[in-house]
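User: I have not looked at this entry before. Please take me through it by question and answer.

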Amino acid sequence: MKVRTSSAVSTRDVARSLAGALRPGDVVVLSGELGAGKTTFTQGLAAGFGVTAPVLSPTFALVHEYDGHPPLVHVDVYRLDHLQELHDLGFEELLDSERVVVIEWGENVARALPPDRLVVRLELGVEPDERWISVAVHGARWRTRTAQLESALAAFTGGDSA
Ligand code: ADP
Ligand code: MG
């Protein structure tokens with residue numbers, strides 16, 4: 001599944017729509033280079049969960065938790081040097097059935113993640129504000145949910161109008 005956006009607002013809209021297909025306990029890995037839009041995407045997910053607090057890059061704190069339905073855990077492991085740091089932050093305890101956990105640069109800590117995860121890749125396009133967002137499912141938890149994800153993204157697959 002792949003969609004194109006041409007503004008940060010559209011990327012948030014895509015994420016907000018995808019949020020409707022997520023369930024407590026889901027793990028979402030965000031990959032893509034610096035500035036690709038991982039934090040922007042997370043802001044859209046948070047909006048979809050009804051989070052009203054501003055969602056900022058957790059680059060320095062590593063982990064932020066937002067009160068939403070479901071609660072959202074936002075992790076950024078860009079500056080992580082050792083997996084042990086993630087462990088020390090109590091990361092494993094956050095992977096429970098009540099929250100949705102979103103991890104920027106999650107591919108860097110793949111070993112610490114459950115095999116069931118949604119991988120959202122953000123890529124820069126040719127135009128300055130162009131981004132390509134691809135969504136891939138991994139593991140049995142997601143196997144039966146592709147149609148739901150597709151329908152959440154259906155409104156955007158023809159490109160956005162922004
Ligand atoms: P990352 O977390 O991947 O480093 P950010 O979300 O922090 O990226 O930053 C993305 C930057 O790109 C923001 O300044 C955002 O406004 C800008 N931007 C421009 N076009 C888009 C788009 N289509 N989608 C997402 N962000 C965009
Ligand atoms: Mg970021």
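Analyst: A polar contact is a pair of N or O atoms within 3.5 Å; within protein, one must be able to donate a hydrogen and the other to accept it, and sequence neighbours count only if both atoms are side-chain atoms. The model is predicted, so local features need pLDDT of at least 70 and side-chain atom pairs 80 or more, while totals for chains, interfaces and linings use all residues. Residues are numbered from 1 along each chain, chains are lettered from A and ligands numbered from 1 as written, and side-chain values use heavy atoms, without hydrogens or water.

User: Which residue has a polar side-chain atom 2.6 Å from an oxygen atom of ligand 1?

Analyst: Two contacts go to a nitrogen atom of ligand 1, each at 3.0 Å: one from a polar side-chain atom of Thr5, the other from a polar backbone atom of Ser7. The contact to an oxygen atom, at 2.6 Å, comes from a polar side-chain atom of Thr40.

User: How much of the area that ligand 1 exposes when taken alone does the protein bury?

Analyst: Areas come from the Shrake-Rupley method with a 1.4 Å probe; for residues, only the protein chains shown count as cover. Taken alone, ligand 1 exposes 570 Å². The share of this that the protein buries is 75%.

User: Which element gives the most to the shell around ligand 1?

Analyst: Around ligand 1 there are 16 residues (a heavy atom within 4 Å), and among those that come nearest are Lys38 and Asp129. Helices H1 (8-19) and H2 each give two or more residues to this shell; elements are DSSP runs numbered from the N terminus, with at least four residues for a helix (H or I) and two for a strand (E). The element that gives the most, with three residues, is H2.

User: Which residues coordinate the magnesium ion?

Analyst: Donors are N, O and S atoms within 2.8 Å of the metal (3.2 Å for Na, K and Ca), and since water is not among the atoms, sites may look incomplete. The magnesium ion, ligand 2, is coordinated at 2.2 Å by Thr39 (OG1) and Glu104 (OE).

User: Why does this pair tie together parts that are apart in sequence?

Analyst: Thr39 lies in H2 (residues 38-48) and Glu104 in strand E5 (residues 100-104), so the pair ties together parts that are 65 residues apart.

User: Is Glu104 buried or exposed?

Analyst: Buried means under 20% relative accessible area, exposed over 50%, and partly exposed in between (1.4 Å probe, protein chains only). Thr39, at 18%, counts as buried. Glu104 has a relative accessible area of 3%, so the word for Glu104 is buried.

User: Which residue in E5 stands opposite Val29?

Analyst: All five residues of strand E2 (residues 27-31) are buried. Val27, Val29 and Ser31 point one way and Val28 and Leu30 the other. Strands pair if DSSP finds at least two bridges between them; E2 has four to E5, running parallel. Opposite Val29 in E5 is Ile103.

User: Through how many residues does a hairpin join E6 to E7?

Analyst: E6 (residues 117-124) is also joined to E2, in parallel, by four bridges. E6 and E7 pair in the antiparallel sense over eight bridges, and Val119 has Ala136 in E7 as its partner. The number of residues in the hairpin that joins E6 to E7 is six.
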